[in-house]
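Q: I am new to this structure and would like a close look at one part of it. Please choose a single chain and explain carefully how it is built and packed.

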Amino acid sequence: MTTQLEDLFVQTRSENRAALIAYIPAGFPSQEGCKKIIAALAKAGVDAVEIGFPYSDPVMDGPTIQEASGISLANGTGAAEVFSALKSAHDVGLPALVMTYWNPIEAYGVDNFAQEMARNGGSGVITPDLTIEESEGWKSATDGAGINTVYVVALSTNDDRLARVTARCSGFVYAASLMGVTGARTTMSSGAEDLVSRIRTCSTLPVAVGLGVSTRAQAKEVAGYADGVIVGSAFIKVILEAKTETDAIAAVDVLARELVKGVREAR
Amino acid sequence: MSSSETLGHFGPFGGRFVPEALIGALDELEAAHNSALKDPVFQKELAHLHTTYTGRPSILTEVPRFAQHAGGARILLKREDLNHTGSHKINNVLGQALLTKRMGKKRIIAETGAGQHGVASATAAALFGLECVVYMGEEDTRRQSLNVARMKLLGAQVVPVTAGSRTLKDAINEAMRDWVTNVETTHYLLGTVAGPHPFPTMVRDFHKIIGEEARAQTLELVGRLPDAVLACIGGGSNAIGIFHAFIPDKNVRLIGFEAGGDGVETGRHAATISGGTIGVLHGTRSYVLQDSNGQTVESHSISAGLDYPGVGPEHAYLNDIGRAEYRPITDAQAMEAFALLCKTEGIIPAIETAHALAGAMIVGKELGPESVLLINLSGRGDKDVQTAADYFEIPL
């Protein structure tokens, strides 16, 4: 059985284009607001969504996602709310993943978390701070649940390790485009394209690039060489800047449609 | 070294939970540390710094007047407070600064709670001509303003961290963000035996000299090993430093005293082993103060240096196999012991260290007057004068 996410990349490859993947923390800007934004993303033509599990110590996130995570935690977001947001994405037809630091999974119970992912229609989980050395239990849990495991690789990952990490990936490989934390950047790092081509030599999986992508032009640039373009902080920024949730949804719609054009005009 | 320790594990604890971006730097650090351990030139340079800069070996002081309040046990203090910069922290910092040079890096970053590790890092940076940035929770910069000034005098940049609880854990978060961004040029000089492998092992190796010296000094002074070795524990660097040489001595009890804050039962404490559960924080698996969703719970302690919701993985392991015990000491108990050591022995300890002294007042009564207790006097209290004056309502 393939996941919805795997089916998506088969489809986008056949259409000779990259997929656009949006990130939003569960419970942000509110529990219901998050679900409305997910629906708006689907309507605007975004291909898949990553639901963030907000965490108290987000060491890989810049100020924008830190702020959103703080708001989400203040809204009482826990595992139940994350799965509820995941289900809402599945309900509007979007392939959906959860992106989370490792400790919330361990606190929930590794097997239970994987099972609950599958039960709510989730395709997979992105675990940016789970090293392959610590991933034995997670591998058997996710194999059992039939969901994808996405690991993040970096510009500093050497070829030998790249082969070992990507061998543990399914669904796609997450290539971090720069050395640093999440957040919008004015220019894309030149290293990302090189990293993607290095991944291609050791893996046939789709490769999605994240970190720093915020504009249509950047989306187009990345979509020229990657199978997926991941945008997070840029969506969060327009939501934070909006005065009301209605304004936020409208702003997300505008940005999403721009980015959708970007990924479709690349090739 | 067991095979699990080569992967940075202590039983089920330790390991590496970090972004891939840091794996190369951690591997490089591990390799540098392992080669330095076998390199007589490195060891000679470090030993030279110990004797000519830090002031090692630190002395052992017996404190009979204080001991009258601890059941009459013989109490020996390992005087790490007399080290240059005023605490045990210098041992680790000099070792890691030498490794920084060995790796060809020119910039160090550090986190600090009480400011002791920050001051030590700034000191080593000045000594070796390295750029130094210290991340410190805004709340701690207020509690420890004297140490902020010391770091600045030593040429370091101090960055107040305003995220989260504005204490040590948030300073570590910010240091990790800096490191992920600048890892090619920068060494993260972590100040305790926590964090991803190789930090818990490496930092222990740089501090184990405390226990090696103290074991020999105790044998010479009393003609036998102590009945118990006591230390305060936040992340656990001074405790592992004095414990490590005694681990094979099965009849020597190892007791760590955690920050009980207002009392573990109140929820306002930093007693991670006594009141926490197993989880992953800052790159390592250990005991963590966390809620049912795995969110870190804010810790509380009068002592900035112990105010941390995690603990080193080797301590978690020593606890679980029963080789060491860990008990909470409240703010009030610590401050009583703080005042007592000042007035009975003329030694002003760090408030962190006062937790171990309060522990000695309990353990001494349990073990009786024939017993010998060895305490790591990990730091001096100059930095805590303001906090103590506020606590005892001494007008300044």
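A: In chain B, of the contacts (heavy atoms within 4.5 Å) with a separation of 6 or more, 75% are made by residues 24 or more positions apart. This is a predicted model, in which local features need pLDDT of at least 70 and side-chain atom pairs count only at pLDDT 80 or more, while totals for chains, interfaces and linings use all residues. Residues are numbered from 1 along each chain as its sequence is written, chains are lettered from A and ligands numbered from 1 in the order in which they are written, and side-chain values use heavy atoms, with hydrogens and water left out.

Turning to its elements, chain B holds 17 helices and 15 strands (DSSP runs numbered from the N terminus, helices being H or I of at least four residues and strands E of at least two). Chain B is as compact as a globular protein of its length, because its radius of gyration of 19 Å is close to the 21 Å that the globule rule gives for 396 residues; the radius is taken over C-alpha atoms, and the rule is 2.2 Å times the number of residues to the power 0.38. Along its principal axes, the C-alpha trace of chain B spans about 55 × 45 × 45 Å.

As for burial, 65% of the 396 residues in chain B are buried, a term that stands for under 20% relative accessible area with a 1.4 Å probe and protein chains only. The exposed area of chain B is about 13400 Å² (by the Shrake-Rupley method with a 1.4 Å probe), and carbon and sulfur atoms supply 54% of that area.

Definitions and conventions. Buried < 20%, exposed > 50% of the residue type's maximum accessible area, 1.4 Å probe, protein only.
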